[in-house]
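Trainee: Hi! Could you walk me through this one?
Mentor: Happy to. Have a look at it, and then ask away.
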Amino acid sequence: MENMNDKSELLLLPENGSDVSEEEASWMVYLSTIIAVCGSYEFGTCVGYSAPTQFGIMEELNLSYSQFSVFGSILNVGAVLGAITSGKISDFIGRKGAMRLSSVISAIGWLIIYFAKGDVPLDFGRFLTGYGCGTLSFVVPVFIAEISPRKLRGALATLNQLFIVIGLASMFLIGAVVNWRTLALTGVAPCVVLFFGTWFIPESPRWLEMVGRHHDFEIALQKLRGPHANITREAEEIQEYLATLAHLPKATLWDLIDKKNIRFVIVGVGLMFFQQFVGINGVIFYAQQIFVSAGASPTLGSILYSIEQVVLTALGATLLIDRLGRRPLLMASAVGMLIGCLLIGNSFLLKAHGLALDIIPALAVSGVLVYIGSFSIGMGAIPWVIMSEIFPINLKGTAGGLVTVVNWLSSWLVSFTFNFLMIWSPHGTFYVYGGVCVLAIIFIAKLVPETKGRTLEEIQAMMM
């Protein structure tokens with residue numbers, strides 16, 4: 001993780017300093033953001049691919065549950081490696097270069113999956129798409145944050161999470177009408193758009209200045225702010241900020257356990273841990289299995305919760321986060337997921353004892369919808385938002401690398417163990433996840449700060 005600590009942290013300013021209005025400045029920023037979030041869409045397609053294809057792949061390639069668990073979870077192994085190396089890659093070849101490289105690797109992975117005749121090439125293709133996802137999970141939000149004017153940054157940053165869930169939903173919707181090989185080909189499309197689209201947008205001005213390309217820095221910033229914008233103040237602030245950053249000591253992993261930094265790390269790592277160990281990837285990767293096991297229609301259930309996730313993510317991310325605050329949404333999210341886990345667990349318990357069989361499908365589907373909806377309004381996006389706010393500048397690279405790796409490792413462990421837990425006890429699995437939700441509620445109430453309406457300096461001073 002130390003390979004991400006040089007200059008890969010978000011190179012942001014407390015104030016923008018540009019004299020231009022958002023309307024004049026925003027058209028190139030919007031275009032650049034839309035191209036970039038094709039990477040977020042690709043991320044979502046990778047995560048959502050295994051759920052609608054599980055039974056088709058297992059039947060055609062004669063895979064066991066254990067073999068399919070490897071296929072579902074190996075995405076996270078590749079993503080961990082992608083997350084670890086993404087900082088160095090994006091510093092060396094630029095933000096756009098990192099997105100292009102990720103799109104090529106992901107496209108190759110999808111094609112290998114399409115042509116796979118056994119579990120080995122299938123897993124290797126999944127691993128490559130995971131590596132691309134891991135890199136994109138770091139580079140896309142960094143690029144968006146570095147090109148956006150201050151007043152647009154929050155709104156544009158939410159598009160990253162929104163397009164992730166749109167990509168995920170598309171896998172369920174398209175997967176309902178095509179086979180698993182054709183569905184793999186649809187994952188190539190956002191890679192193509194991202195690869196060619198980056199040739200038509202400017203590079204991150206902050207990265208250009210960071211590597212000493214001063215003339216290109218001014219050209220890129222002018223394009224992003226509009227041809228008639230006065231960029232003098234903003235350019236000077238960026239240059240001053242980067243000069244200050246260059247003189248800060250390089251943070252190491254040992255600095256993260258220093259007394260003055262430990263609370264930042266506990267909050268960041270804790271939120272990533274709970275985001276995954278409430279069981280979200282188990283539910284997403286194996287949603288069809290949940291519906292079938294409960295006796296409900298897998299296609300109908302998957303389509304319903306995919307649409308719900310898109311709508312509620314858009315609502316929570318764009319309208320509520322800066323109105324209600326981070327903590328209230330996180331608390332409501334964790335409580336809602338607890339209720340969802342109890343509903344799903346109870347449906348399996350009733351089925352096991354042969355009780356109330358007529359209401360079990362409705363109980364299972366409603367539990368999944370409550371769970372997914374609750375996750376979408378809080379625990380899905382807000383941990384990443386808080387992580388970007390609480391870490392001091394000199395810790396962002398190292399700490400950001402740590403929490404990203406924790407997130408992906410936790411995701412891998414949850415997705416790998418889900419099938420085994422379901423074999424052990426379907427209702428027990430969701431009662432365990434419900435217990436984790438209870439711990440998350442306590443953690444949020446005791447340790448997570450409210451960061452709404454505060455500057456980064458105020459947030460860090462409050463936590464120290």
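Mentor: Let's start with a term: a disulfide is a pair of cysteine sulfur atoms within 2.5 Å. A search of the whole structure finds zero of them. Keep in mind that this is a predicted model, where local features need pLDDT of at least 70, side-chain atom pairs count only at pLDDT 80 or more, and totals for chains, interfaces and linings use all residues. Residues are numbered from 1 along each chain as its sequence is written, and side-chain values use heavy atoms, with hydrogens and water left out.

Trainee: Why is C191 not bonded to C46?
Mentor: Because the two sulfurs are 7.0 Å apart, which is too far for a bond, and C46 has the closest cysteine sulfur to C191.

Trainee: And what about C437, how far is the nearest cysteine sulfur?
Mentor: That sulfur belongs to C341 and is 4.4 Å away, and C437 is in no disulfide.

Trainee: Is C437 buried or exposed?
Mentor: C437 is buried, at 0% relative accessibility. Buried means under 20% relative accessible area, exposed means over 50%, and partly exposed is in between, using a 1.4 Å probe and protein chains only. C191 is buried too, with 4%.

Trainee: New topic: how many salt bridges are there?
Mentor: The structure holds five. A salt bridge is a side-chain nitrogen of Lys or Arg within 4 Å of a carboxyl oxygen of Asp or Glu.

Trainee: Which residue does R95 pair with?
Mentor: R95 meets E146, with 2.9 Å from N to O. This pair links distant parts of the chain, 51 residues apart: R95 sits in helix α3 (residues 65–115) and E146 in helix α4 (residues 119–147). Helices (H or I, at least four residues) and strands (E, at least two) are DSSP runs, numbered from the N terminus.

Trainee: Are those two buried or exposed?
Mentor: R95 is buried, at 0% relative accessible area, and E146 is buried at 0% as well.

Trainee: What other salt bridges can I look at?
Mentor: Try D216 and R213, whose side chains meet at 3.1 Å, N to O. D216 is partly exposed at 30%, and R213 is partly exposed at 39%. Then there is R225 with E234, at 2.8 Å, N to O. R225 is buried at 1%, and E234 is buried at 0%.

Trainee: Which residues are joined into one network?
Mentor: D91, R95 and E146 are, through salt bridges that share partners.

Trainee: Can we move on to the nonpolar parts? Which residues touch the most other members of the largest core?
Mentor: Y49, I57 and L122 do, in a core of 71 residues. Helix α3 gives the most to this core, with nine residues. A nonpolar core is a set of buried Ala, Val, Leu, Ile, Met, Phe, Trp, Tyr and Cys residues joined through side-chain atoms within 4.5 Å. In soluble globular proteins, nonpolar side chains tend to be buried together.

Trainee: What does L122 touch?
Mentor: Leaving out residues up to four places away in sequence, L122 touches I57, L61, L63, F71, I113, A116 and W180. Apart from the largest core lies another, of 28 residues, including C38 and M99.

Trainee: Last one: where does S333 lie?
Mentor: S333 is in helix α16 (residues 326–352), and S333 is buried at 0% relative accessibility. Contact means heavy atoms within 4.5 Å. Beyond its neighbours within four places in sequence, S333 is in contact with S374, F375, I377, G378 and M379.
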